[in-house]
Amino acid sequence: MANQLGLTIDRSSPVPLYHQVVQGIEAAIHNGVLEPGSRLDNEIDLAAQLNLSRPTMRKAMDELVRSGLLVRKRGVGTQVVSSQVRRPLELSSLYDDLTNNGKKPTTQVLSFSHMEADAATLTALQLPAGSKVYHFTRLRKVGGKPLALMENWVRDDITTMDESMLAAEGLYAILRRGGVNFRLASQRIGAMIANDYQAPLLETEAGSALVTMERTAVDDTGRMVETGHHVYRADSYSFEMTLVQR
């Protein structure tokens with residue numbers, strides 16, 4: 001594997017040996033020599049091929065794992081992490097972002113109901129008591145691989161929707177067609193570990209890291225349109241933002 005990747009070690013270089021390995025594998029990943037999902041030889045074999053000590057090789061691999069480029073899987077070994085979906089931090093839908101980046105997302109509707117809103121939803125959407133909402137959970141996949149588990153509550157006085165619509169297109173496209181012009185959203189991003197319900201759906205292990213997002217979107221008339229709780233595989237998803245000094 002090391003020779004195939006063209007990794008060489010310059011012992012006269014001031015760059016530490018382990019970091020030369022890190023740089024070489026990073027380059028192989030970014031150049032496409034190592035594709036997402038590719039397996040690497042074990043650390044003992046890699047160390048032997050490069051004439052390095054096992055602790056040096058382990059230090060390099062640990063750094064690559066911490067940086068999110070490699071992942072260790074029990075019974076499988078060390079693999080290149082699938083390329084992440086990097087999403088700009090703006091008011092847009094995941095479906096639109098994926099489609100605009102040349103992806104072909106698919107959606108599985110796990111649950112769907114038209115129900116009277118509970119107290120928390122009434123508060124979030126600023127609705128009067130007795131109001132009804134659409135409540136649904138969807139599993140979003142890209143390339144056949146699970147990316148996000150999304151639960152949403154949508155006020156029902158904008159447009160009608162059903163499971164087939166949600167399976168075929170993004171939520172925001174449905175709402176825009178109903179006349180919604182999105183204006184702003186209150187959003188919170190966090191992290192959690194996958195529980196026994198989320199893990200099998202996202203095809204990851206219980207205890208794996210997940211990115212979380214809670215959002216309530218507002219249209220240009222000031223209506224709270226929808227609120228949602230989404231979780232994403234942390235090895236496949238990240239948010240990007242630009243920070244400005246004020």
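**View 1. Pairing of β8 with β9 in the predicted model.** In this predicted model, strand β8 is joined by 9 bridges to strand β9, which spans residues 224-233, and the two strands run antiparallel. One position of β8 whose partner can be named is Met 213, for which the bridge partner in β9 is His 230.

**View 2. The open sheet that holds β8 and β9.** The sheet is open and is formed by 6 strands, which follow one another in the order β4-β5-β6-β9-β8-β7, with antiparallel pairing. At its edges lie β4, covering residues 105-116, and β7, covering residues 182-193, and each of these edge strands pairs on one side only. Between neighbouring strands of this sheet, the turn of one against the other is 15 degrees on average, with direction ignored.

**View 3. Asn 51 in the loop between α3 and α4.** The loop that contains Asn 51 runs between helix α3, residues 43-50, and helix α4, residues 54-66. The phi angle of Asn 51 is near 60 degrees, which is a positive value in a residue other than glycine. Asn 51 counts as exposed because its relative accessible area is 60%, where the cut-off for exposed is over 50%.

**View 4. Glu 203 in the loop between α9 and β8.** Glu 203 is placed in the loop between helix α9, residues 198-201, and strand β8, residues 209-219. As a residue other than glycine, Glu 203 also has a positive phi, with a value near 55 degrees.

How values were computed. Residues are numbered from 1 along each chain as its sequence is written. This is a predicted model: local features need pLDDT of at least 70, side-chain atom pairs count only at pLDDT 80 or more; totals for chains, interfaces and linings use all residues. Side-chain values use heavy atoms; hydrogens and water are left out. Helices (H or I, at least four residues) and strands (E, at least two) are DSSP runs, numbered from the N terminus. Buried means under 20% relative accessible area, exposed over 50%, partly exposed in between (1.4 Å probe, protein chains only). Two strands pair if DSSP finds at least two bridges between them. Axes are lines fitted to C-alpha atoms, for helices over the stretch in contact, and angles run from 0 to 180 degrees between N-to-C directions.
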